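Dear colleague,

I am passing on the structure below, and I would be glad if you looked it over before reading my notes, which follow directly after it.

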Amino acid sequence: MAINVTKSFLPPIEEYQEIIKGIWENTWLTNNGPLVRKLEGQLKEYLNIENLLFVGNGTIAIQIALKALNLTGEIITTPFSYCATTTSILWENLKPVFVDIEDKTYNINADLIEAAITEKTSAIMATHVYGRPCNIEKIESIAIKYNLKVIYDGAHGFGANYKGKSVLSFGDITTCSFHATKVFHSIEGGCIVSNDNNLNKKLELYRSFGHKNDDYYTMGINGKNSEFHAAMGLCNLPKVADIINNRRIISEKYDALLDWEKLSRPTNNIEGFDYNYAYYPVLFASEAKLLQVTEALKKEEITPRRYFYPSLNKLPYLDFYNPCPISENIAQRALSLPLYYDLALEDVELIVSIINKNL
Ligand SMILES: Cc1ncc(COP(=O)(O)O)c(C=O)c1O
């Protein structure tokens with residue numbers, strides 16, 4: 001059977017049916033319904049955070065965040081992320097300024113941020129790549145010094161902790177994706193986390209057209225999510241610990257079997273970090289090796305994913321170029337291997353044997 005880089009977790013169908021039965025009783029399908037509010041409550045409790053808004057996806061979460069913070073001009077950001085991080089900035093008519101990454105964590109290199117700040121800079125938007133936290137302390141101190149806002153794209157961060165807190169709890173705003181492929185998902189979905197009650201009220205208005213009933217406060221957009229999506233989230237949330245545990249076991253199998261003389265990977269050795277096993281990225285010695293291994297895996301119907309590729313500073317539709325040699329180099333050599341809840345350990349052995357043979 002084909003093995004993909006990821007496979008969506010599905011709860012027992014009866015559990016989902018049981019929750020959505022209520023929708024047929026109250027005919028409340030969307031617009032901040034009871035299941036959405038219940039999921040938000042449970043997520044806040046699970047993550048131990050005060051303000052969380054469930055939204056349509058992780059991309060609209062970023063766009064609403066950029067808008068609600070009144071950002072202008074230039075946003076310092078990472079070139080090593082999914083394209084949504086960059087395109088959200090462009091979509092809001094802001095200019096991404098790429099700062100290169102660390103070769104150990106693949107996160108933005110906070111030591112290079114100050115040199116990229118200009119009088120037009122209004123914020124730093126960094127991604128916690130594969131769930132590993134950025135240099136949060138350093139970024140915070142720069143933001144304070146230059147009066148900048150901080151947004152974290154925490155799309156991969158659900159279930160990861162840093163210094164005893166959810167990775168989603170830092171910065172002015174952190175966004176997350178609950179896309180079907182993520183550790184925790186609601187089919188499509190995401191959330192916006194903020195640490196300020198007034199900002200949260202604004203984000204809430206922005207999420208639903210800027211009005212409450214007949215009172216129109218501001219412009220807004222449709223960032224809402226439905227009762228059906230919330231129901232999937234409610235089914236999956238109690239299973240997250242189990243999902244993460246299985247992913248840990250599979251990851252440890254890869255750790256034990258892969259040929260680390262010829263491969264490397266981003267470090268988990270970050271003080272105070274508790275991983276969620278969101279991805280299993282490996283770094284090859286060269287792009288040619290990566291392509292050779294990918295071909296060999298594909299012959300066995302195994303599909304890994306170049307995640308992230310290309311380095312975002314090289315997106316073909318950008319009309320400027322900020323060189324980021326480390327990100328460009330890593331993007332050419334990084335491959336995410338299959339990792340999902342019920343990936344069999346024998347399949348991991350097969351994947352590893354093909355990889356090691358081709359190194
Ligand atoms: C780093 C990052 N940011 C943003 C997104 C966008 O999330 P969504 O697909 O929920 O819009 C993703 C999706 O994979 C992502 O990996």
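In this model, which is predicted, 30 residues of domain 1 are in contact with 27 residues of domain 2. The domain assignment places domain 1 at 13–237 and domain 2 at 239–357, and their C-alpha centres lie 24 Å apart. On the side of domain 1 that touches domain 2, the elements giving two or more residues are α4, β4 (95–98) and β7 (161–162), with α4 providing the largest share, three residues. By class, that side of domain 1 divides into 16 nonpolar, nine polar and five charged residues.

Helix α4 also takes part in the surroundings of the ligand, since α3 (58–68) and α4 (83–91) each supply at least two residues of the shell. There are 14 residues around the ligand, of which Gly 58, Thr 59, Tyr 82, Ala 155 and Ser 177 come nearest, and the shell is made up of three nonpolar, ten polar and one charged residues.

As for how these two helices are arranged, the axes of α3 and α4 come within 9 Å and cross at roughly 40 degrees, and the helices are therefore oblique to each other. The crossing in which α3 passes α4 is right-handed. Where they meet, α3 brings Gly 58, Thr 59, Ile 62, Gln 63 and Leu 66, while α4 brings Ala 84, Thr 85, Ser 88, Ile 89 and Trp 91; the residues of this contact divide into five nonpolar, five polar and no charged.

With best wishes

Key. Residues numbered from 1 in each chain as written. Predicted model: local features only at pLDDT ≥ 70, side-chain atom pairs only at ≥ 80, totals over all residues. Near = placed C-beta within 6 Å. Helix = DSSP H or I, 4+ residues; strand = E, 2+ residues; numbered from the N terminus. Nonpolar A, V, L, I, M, F, W, Y, C, P; charged D, E, K, R; others polar. Axes fitted to C-alpha atoms, helices over the stretch in contact; angles between N-to-C directions. Parallel < 35°, antiparallel > 145°, perpendicular 65-115°, else oblique. Left-handed = near helix turned anticlockwise from the far one by under 90°. Contact = placed C-beta atoms within 7 Å. Domains from an automatic or database assignment.
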